[in-house]
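Dear colleague,

I am passing the structure below on to you, and I would be glad if you could look through it before reading my notes. What I found in it follows underneath.

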Amino acid sequence: MTPPPAQSATLGANGMPVPSEEPRRPPVLSVGLLGWLRANLFSSWLNTAVTLVLAYFVISWALGLISWGVINAVWDVPGTGAQVDTSACRAIRGEGACWALIGEKYRFILFGLYPFDEQWRPALVVVIFVALYVVSAMRRFWNRWLGLVWIAALTVIGVLMWGGVFGLRFVEQERWGGLPITLILSTFGIAFAFPLSILVALGRRQTSMPAVKALCVVYIELIRGVPLISLLFMASVMFPLFLPEGMNIDKLLRAQVAIILFAAAYLAEVVRGGLQALPRGQYEAADALGLSYWQKTGFIVLPQALRLVIPPLVNTFIGMFKDTSLVLIIGIFDLLNTAKTSIIEPAWQGFGIEAYLFVSAIYFVFCFAMSKYSQDLEAEFNRHRRR
Amino acid sequence: MPQDAIADPRYARAAPRRGVRLSWRDPTVRSIVWQIVIIGLVGFVVWWLVSNTMRNLEVRRIATGFGFLNREAGLPIAEAMIPYTPADTYARALLVGILNTLRVAVIGIVLSTILGTVIGIARLSQNWLLAKLAAIYVELLRDLPLLLQLLFWYALMQGLPGPRQAVNPFGSVFLSNRGIKFPWIAWEPAHTAALVALVAGTAALVLLARRFTARQMATGVRPKLWPWALALLLGLPAAVWAAMGAPFAIDAPVLRGFNFQGGATITPEFAALLLGLVLYTAAFIAEIVRAGILAVHTGQWEAAGALGLSRGEQLRLIILPQALRVIIPPMTSQYLNITKNSSLAVAIGYQDIVSIANTTLNQTGQAIEGIAIIMAVYLTISLSISLFMNWYNARIALKER
């Protein structure tokens, strides 16, 4: 037996000799703050250059924004109403924001021309809407009672807005405005457009009923081919011609109908995506069980198909929420229109940026919450696909 | 199936005919009845609305028909791509509106595709700061109504100082509340001819590239394309331009009195509309591009690398063709959205088709015709974009055998 060669200690695992003349340098730090910075911001000279340029812009913009919005801003001006003196704001225009506008006008922007003493009512309506959204977003409450909660909440909202009962003063619809209008248009829009869209989507898949299918296809493609504005114009100038003489529907309701018809066509395409994504076997199994069409649809198809498309549905809801702002063009006082109107007085003219930033913040809170919710839901539904 | 089985007379026999039983349990009868009921209901509602409309039009003595198109419009239009005066007809005014819509839509589609792609790729960047900024951009712009953004940009444009105190960022570019003024070539017929030559050269180059590809398929050798490209894209237009006398003069804006003279102008309305549309849509396109690139499996990058392709070739030959299949359908709907969203121009006073048709229907009182024109225009544009993108989608689709 020969002893193993003495040099075997300096051979690597693959039998190659390991160079041992120079001590190896320690590996580049890859953990901790320094490691993170190196990996994510300064990994190459190009990356470093990009980081430095961007950092310069971000810092200079942030400083400019702080000096405009905080340091140089005017928070309060003397006088109120028609006697307001905005010369302080005018003097600093371009260098500082005029937040005094928001302090003076926030009630008007939020609630429009609703009687000032009664504005707790639209404020409560906004709270109820938000509570309704939060409850609807929690999966724990996804059962048959949710429908009743919606009906009850919408009734309470109607009572609060109109009044005339329970000792509440009657407020005609022309005086409503601001955030409640935006929430009403989008919420009622969803509440009516969603069921309609399911019917239309089901209709579009009826191969055995060509006439119904053709009707649904024409409806969807026609509505999706034209801008919402043309439908709103139709609702505001053409709709009165459609009705028999003497019959009149107020403008808000007409705009609401246009929004429902518009949203239903888009939602129908989303629902159709879910219906198509459902494996054929589910339809065939339901048929094999001898279920009727509506039993099959209600118990087997829709619960699975709608689940598949919840994220795109929420995205469509976000789109609808933003699109309600278009009613401004036909002269309905939603949140955006009250903001636009708040700067119409000569004293406040030219401070549009401040008013629009204020309503931007409100729109952003609602849309961002919905969008985050949709992303979380999507991640949760796709959890089983992750590895 | 064996040959003799087909000869079997039992296969030649037709399936037994089933007559229609007049029973509610027969699905055929049921579907016919339901269709008659639904079509009847819809037909009744339509008939009711149409008859009401007819009566209302009669009572209010509103004229019908498109006769008004030939009357003098008398409505001023601030920016028109074709010669137009208020003395022209409504038909021409509407044509100006359609061209204005198409102008903002086409420029918007091109710019937002570029910006959206850049931001979408930036969001996937390894640079943390760049990726975060892109993410913030997307979240912020997506979650604000487009109309709000348009009003914001328009308010910003109107907040600029007047022409005499115009902001002058560089050279002879001036920003004021009258719009953006910048120097432009004094346009001559020679420039138009050079532009036509460029288009012809591009078309010739495309044909040539196809022939070269065919030759590569046949012989395995690809002829050099770039000298041809240089000659056709640069040489040909330059030659045409030089042959026509090579006119070249810069027309720079100069402040005279209360306003600028000369130069080219982008009006505040157009600038605000384009800025709003591009920034808003780019946020959506960025998400589509990002999702498209993420949808391509990492193994494809690795396999392309294993074949010895460079990073650029991997992206161009392997990743992008696959990502495009995911990207094209949602991109189509974004292009349609830009076109439809350009109708918001009416809120900031850019005179697109909606704005001009709206003025027309207010002046003539013919609401039905006005709205029908708006809808017909948008349906035509939408269907054209859909057809083109469907054709393109079918072209790049996976060829399955």
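Please keep in mind that this is a predicted model. Chain A is divided into domain 1 (35-71), domain 2 (114-171) and domain 3 (179-332), and the C-alpha centres of domain 1 of chain A and domain 2 of chain A are 46 Å apart.

The search for enclosed space gave one cavity of 30 Å³ or more in the structure, and the largest cavity holds about 40 Å³ of space. Its lining is made up of L228(A), I259(A), F262(A), A263(A), M320(A), D323(A) and T324(A), of which five are nonpolar, one is polar and one is charged. Two helices of chain A, α10 (251-277) and α13 (310-323), each supply at least two residues of that lining, and the most comes from α10(A), which gives three residues.

In chain B, the element I would point you to is helix α9 (residues 268-295), which has 28 residues and spans 40 Å from its first C-alpha to its last, close to the 40 Å expected at 1.5 Å a residue. Along its course α9(B) has a kink of about 25°, and this kink is centred on A282(B). How many of the 28 residues of α9(B) are buried? Taking buried to mean under 20% relative accessible area, the number is 22 of the 28, and α9(B) is therefore largely enclosed by the rest of the structure.

With best wishes

Technical notes:
Residues are numbered from 1 along each chain as its sequence is written. Chains are lettered from A and ligands numbered from 1 in the order in which they are written. This is a predicted model: local features need pLDDT of at least 70, side-chain atom pairs count only at pLDDT 80 or more; totals for chains, interfaces and linings use all residues. Side-chain values use heavy atoms; hydrogens and water are left out. Helices (H or I, at least four residues) and strands (E, at least two) are DSSP runs, numbered from the N terminus. The expected span of a helix is 1.5 Å times one less than its number of residues. The bend at a residue is the angle between axes fitted to the seven residues ending there and the seven starting there. Buried means under 20% relative accessible area, exposed over 50%, partly exposed in between (1.4 Å probe, protein chains only). Domain bounds come from an automatic or database domain assignment. On a 1 Å grid over the protein atoms alone, a cavity is a set of points where a 1.4 Å probe fits but cannot get out, and a pocket is an open set with protein on both sides within 12 Å along at least five of seven lines; lining residues have an atom within 4 Å of a point. Grid points are joined across faces, edges and corners, and a volume is the space filled by probe spheres set on the points. Ala, Val, Leu, Ile, Met, Phe, Trp, Tyr, Cys and Pro count as nonpolar, Asp, Glu, Lys and Arg as charged, and the others, Gly among them, as polar.
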